[in-house]
Every structure is written in structure tokens, then in C-alpha cells.
Amino acid sequence: MVAIAVTAVAGAVPPPPKGKAVTVATTPPPTLTRRQLLAAVATASNLRAAAASAAVPEFAEIPGSGGVKALDRREGSGEVPVEGDEVAIHYYGRLAAKQGWRFDSTYDHKDEIGDPMPFVFTIGSGKVIPGIEAAVKSMRVGGLRRVIIPPSQGYQNTSQEPIPPNFFDRQRLFTTIFNPTRLANGEGSTLGTLIFDIELISIRQHL
């Protein structure tokens, strides 16, 4: 019979003897008290709330506007219009009382070659609703701004601009805002609230 020699490997751990259990030392996880758990949950909630508030931009009221709130989505780099200037804007107009229904958009107004036609008006003319004029007066050319216009700074009659060119959109807009039954029920503070996205395209200065 040939004997086979087994050479011990340096550093190898020999197996435990048969019949003996191997005990592995473990450290139990730390136990938190109820107060510590509540404090941890509160801290996590505060951090989430702070992160959410930092991520969501806020509207700010335009000074002297009668309650118009604005959120600049893009800062312009051009000039700021003054009284008497003729301005050209693009806009989306929505009605808050109809779940944000879009009643008009200059991007849908096309010229002869199919390009969108901006809305043009003169600052201080009194022909447009006050909320739009207040928003545009503090913008720079190239800027894009979303504004929330309260009823007092929106449509007071059916001749104020901008007027939707589509008859059905125009009818739906004005019958909602000037609904006599709902106005009598005290809903005037919500019926006429408007949301406009306004882009200031150009200024033609008054000479």
C-alpha cells in the first residue's frame, strides 16, 4: 500500500472536531425607543417636505397689479415696455373654472403662410384685460411668464381683448364668466379666474 502524505497548508483552519458545535458570536441590533422612532420619522418627513418645496417654484404677486400672480418660466434679455409702447405677445389662455380649459391660443392663429400670429396691443390703451397688461409691463422681450389673473383683473365685459376668434370658444368663455345664476350664488370669485402663459415677442417703442 502506498501512503499518501498530506502537507498542511500554512494558515489553514482545521475543521472542528466531530460532535462539538461551533458558536459564532453575534452583536444584537440596537433597540430604538418609541421616542427615537418618532423623532426619526419626523425628521424624514421634514426633509421630504423641504425637498418638495425647494423643487416646486412659487408664484409671486406683481406689485400694484390688483392681485395678479406671476411665475417666470424663462427670463427675457431684451427691453421692458413702457406706457405707449406697442407690444407683440404669444399666449395660451385657460379658464380655471373649467379645469384649465384652454379657450384661446395665438399659436392657433395663422397667417397666409401658416405662421402663428402674435397678439398686438398698446400698453395703456385700456383695450386689453388689466391682468395681461400688468404681466407684460414687467417682462423683458424674450421672457415667458405664467400668470394667474383674478376676476377683478380679468374680463369685465365681452368687448375686452383678447377675444377668442372662435364663436363657440368665445360663447363658452363668456357664458361661464358672466353666468347670472352662479354669480348670484356668490361664485364670482372663481368663475372669472384666468391662467395665461405669455411670451413677450417684441416691442415697438412709441415716439
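Which residues does Thr-106 touch, not counting residues up to four places away in sequence? Hold that thought while we get our bearings. What you're looking at is a predicted model, and the chain in it has 207 residues.

Let's start with the overall layout. The chain has 5 helices and 7 strands. Walk along from the N terminus and the elements come in the order α-β-β-β-β-β-α-β-α-α-α-β. As for what's tucked away, 29% of the residues count as buried. The accessible surface adds up to about 13800 Å², and carbon and sulfur atoms own 57% of that. There's also a lot of long-range contact going on: if you take the contacts in the chain with a separation of 6 or more, 70% of them are between residues 24 or more positions apart.

Now back to Thr-106. You'll find Thr-106 in the loop between strand 4 (101–105) and strand 5 (119–122). Is Thr-106 buried or exposed? With a relative accessible area of just 1%, Thr-106 falls under the 20% cut-off, so it counts as buried. And here's the answer to the opening question: leaving out residues up to four places away in sequence, Thr-106 touches Ile-89, His-90, Tyr-91, Pro-116, Met-117 and Phe-119. One of these, His-90, gets a polar contact too, side chain to side chain, at 2.7 Å.

Next, take a look at helix 2, which spans residues 130–137. This helix is mostly covered, with 6 of its 8 residues buried. The buried ones are Gly-131, Ile-132, Glu-133, Ala-134, Ala-135 and Val-136. So what covers the buried residues of helix 2? The cover includes strand 3 (86–95), strand 5, strand 6 (144–149) and strand 7 (194–204). Strand 5 may ring a bell: the loop that holds Thr-106 lies between strand 4 and strand 5.

Our last stop is Leu-173, in helix 3 (residues 167–177). Leu-173 has 0% relative accessibility, which means that it counts as buried. Who is it in contact with? Setting aside neighbours within four places in sequence, Leu-173 is in contact with Leu-95, Trp-101, Phe-103, Tyr-155 and Pro-164. Let's pick out Tyr-155 from that group. Leu-173 and Tyr-155 sit 18 residues apart in sequence, and their C-alpha atoms are 9.9 Å apart in space.

Technical notes
Residues are numbered from 1 along each chain as its sequence is written. This is a predicted model: local features need pLDDT of at least 70, side-chain atom pairs count only at pLDDT 80 or more; totals for chains, interfaces and linings use all residues. Side-chain values use heavy atoms; hydrogens and water are left out. Helices (H or I, at least four residues) and strands (E, at least two) are DSSP runs, numbered from the N terminus. Buried means under 20% relative accessible area, exposed over 50%, partly exposed in between (1.4 Å probe, protein chains only). A polar contact is a pair of N or O atoms within 3.5 Å; within protein, one must be able to donate a hydrogen and the other to accept it, and residues adjacent in sequence count only if both atoms are side-chain atoms. Contact means heavy atoms within 4.5 Å. Accessible areas come from the Shrake-Rupley method with a 1.4 Å probe; for residues, only the protein chains shown count as cover.
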